[in-house]
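Trainee: Please take me through one part of this model in detail, the charged pairs and the enclosed space. I'd like to hear the reasoning as well as the numbers.

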Amino acid sequence: MAGPNIVLKWFAEFIRKGGHRNLTLWILIALLLAVVVALKAPEAAMKFHVGGEVFLNLLKMLVVPLVVTSVMSGIFGMGDVRKLGKPGGTAIGYYLCTTVLAVLVGLVVVNIMQPGGSVDPEKVAEIGRGTVDEESPRYKVAKSIANETGLTMEEVGSVLGGLPPGEARDQNIGDIIENLFLMLVTDNLFKAAMDMELLPLIVFSIVFASVLTTMGKQVDGLKELIEQSNTALMKVILLLMKLAPVGIFCLVAARFGEAEHKGEFVEQLSQIGRFVGTVILGLGFHFLVTLPLILWFVTKRNPYRFMLQMSQALLTAFSTASSSATLPITMESAIEKAKVSRESTEFVLPLGATINMDGTALYEAAAVLFIAQAIGQDLGFGQQLIVAITATLAAIGAAGIPEAGLITMLIVLRAVDLPTEYIALILPVDWFLDRFRTATNVFGDSIGAAVVETTMPKSATDH
């Protein structure tokens, strides 16, 4: 236990000396230190999971009230609700454009790198054998997905199919489009808040705030209460950021320690390392080239300076693997460090954290092609086009399907008639790659706020 005690003493000294003044550096140090501790003493590192969960829950605790008050405050800042059309249209256009570009990047890098050709044929054959009992690869895949997502076996079986118990239910593009519409509203706002279903809360906040802007002085008190609540929540986020290095250390140490303790991560990484490298290459290109070019072209801002200004949010996104949990820090960084207008930040970022999933779309497209290559099934241009369309819609509509990521990938696999059990090839490294794609999602959201700022009413960005 000497290792953990030394680390705790180090962090106590960090807080006492006010080390948070160089917060980005401390977060980076904490992240690197967590990986080292996890590799050297995995069992000790796993004991930090409580601290990580506490930090993650503190972030999640702020998400719902922050989304509601920030979206409403952003609408109030525009003054006239009729001015919402252009920024709103720009935001949706930006999300769709970057998601399509991300999918195309994913398809191109996989076609060039051909990572599926490096997979051991015996591993592929092993997954393909078996029945649908509890020892079959299909059942084990479903169990892994259930463990990762928190879904029941019946819910996973409804998409995966062929599992005891439950009936298979085909999911297709039509289902995804239907979910896109259904996820806009809810019959119970409190239930949506409890489940952190942000999109219906955003829709309600936009409608409610828009009505308030038409009611004149009789609702000034209510508007002031909402804006003051939003300001207070941002102050709470600033306080919470002082604990970010400690929380991030605990989160990363526990997760990497668990993987090292199981011993499967390094083994799987060696088996499908080419796939991992291909995905990181694709995400890196989108992160370092595609998104920066969009920012520079539209705003003429230095994209790499902007990246540095958003570094706290990006490191937190990598650590938490959750765009929603990172949202409070993303908003604080965008407003305070990147100097994006509060109105654009409050309107764009909550929406982006819900429907703008560039990294997820890229990953799903790349993973499907990788699986096709691994089992020796060549996907032609037409099938790859179906993958592109389905991955784009699945990423945007992920909030309408229980536990987005892995479930939506199963839908993309079904769209081109690939066996879903072969998702077992990538499950052991999915949690690791999830961190890279979440950081990409968050960076895309923040650039979206800067892009939409250029279309905001001048009065909204001047005060």
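Mentor: A helix here is a DSSP run of H or I at least four residues long, and helices are numbered from the N terminus. Keep in mind that this is a predicted model.

Let's begin with helix H19, which covers residues 342-355. Glu-346 makes a salt bridge with Arg-342 there, and the closest N and O atoms are 3.5 Å apart. That falls inside the cut-off, because a salt bridge needs a side-chain nitrogen of Lys or Arg within 4 Å of a carboxyl oxygen of Asp or Glu. The two residues are four apart in H19, so about one helical turn separates them. What about their surroundings? Anything under 20% relative accessible area counts as buried, so Glu-346, at 1%, is buried. Arg-342 comes out at 31%, which makes it partly exposed.

Now hop over to H23, residues 427-453. Here Arg-437 has two acidic partners to look at. With Asp-430, the closest N and O atoms are 3.2 Å apart; with Asp-434, they are 3.3 Å apart. Asp-434 and Arg-437 sit three residues apart in H23, so again you're looking at a separation of about one helical turn. Sharing partners this way joins Asp-430, Asp-434 and Arg-437 into one salt-bridge network. As for burial, Asp-430 has a relative accessible area of 6% and is buried, and Arg-437, at 5%, is buried too. Asp-434 is also buried. For context, the search of the whole structure turns up five salt bridges.

On to the enclosed space. Rolling a water-sized probe over the atoms shows where empty space is left. The count here is one cavity of 30 Å³ or more, and the largest cavity holds about 30 Å³. H19 and H23 come back into the picture, since H18 (323-337), H19 and H23 each give at least two residues to its lining. H18 has the largest share, with three residues.

Want names to click on? The lining consists of Ser-323, Leu-327, Thr-330, Leu-349, Ala-353, Val-442 and Asp-445. Sorted by class, that gives four nonpolar, two polar and one charged residues. The charged one is Asp-445, because Asp falls in the charged class.

So, to tie it up: H19 holds the Glu-346 and Arg-342 pair, H23 holds Asp-434 and Arg-437, and both helices help H18 line the largest cavity.

Notes
Residues are numbered from 1 along each chain as its sequence is written. This is a predicted model: local features need pLDDT of at least 70, side-chain atom pairs count only at pLDDT 80 or more; totals for chains, interfaces and linings use all residues. Side-chain values use heavy atoms; hydrogens and water are left out. Buried means under 20% relative accessible area, exposed over 50%, partly exposed in between (1.4 Å probe, protein chains only). On a 1 Å grid over the protein atoms alone, a cavity is a set of points where a 1.4 Å probe fits but cannot get out, and a pocket is an open set with protein on both sides within 12 Å along at least five of seven lines; lining residues have an atom within 4 Å of a point. Grid points are joined across faces, edges and corners, and a volume is the space filled by probe spheres set on the points.
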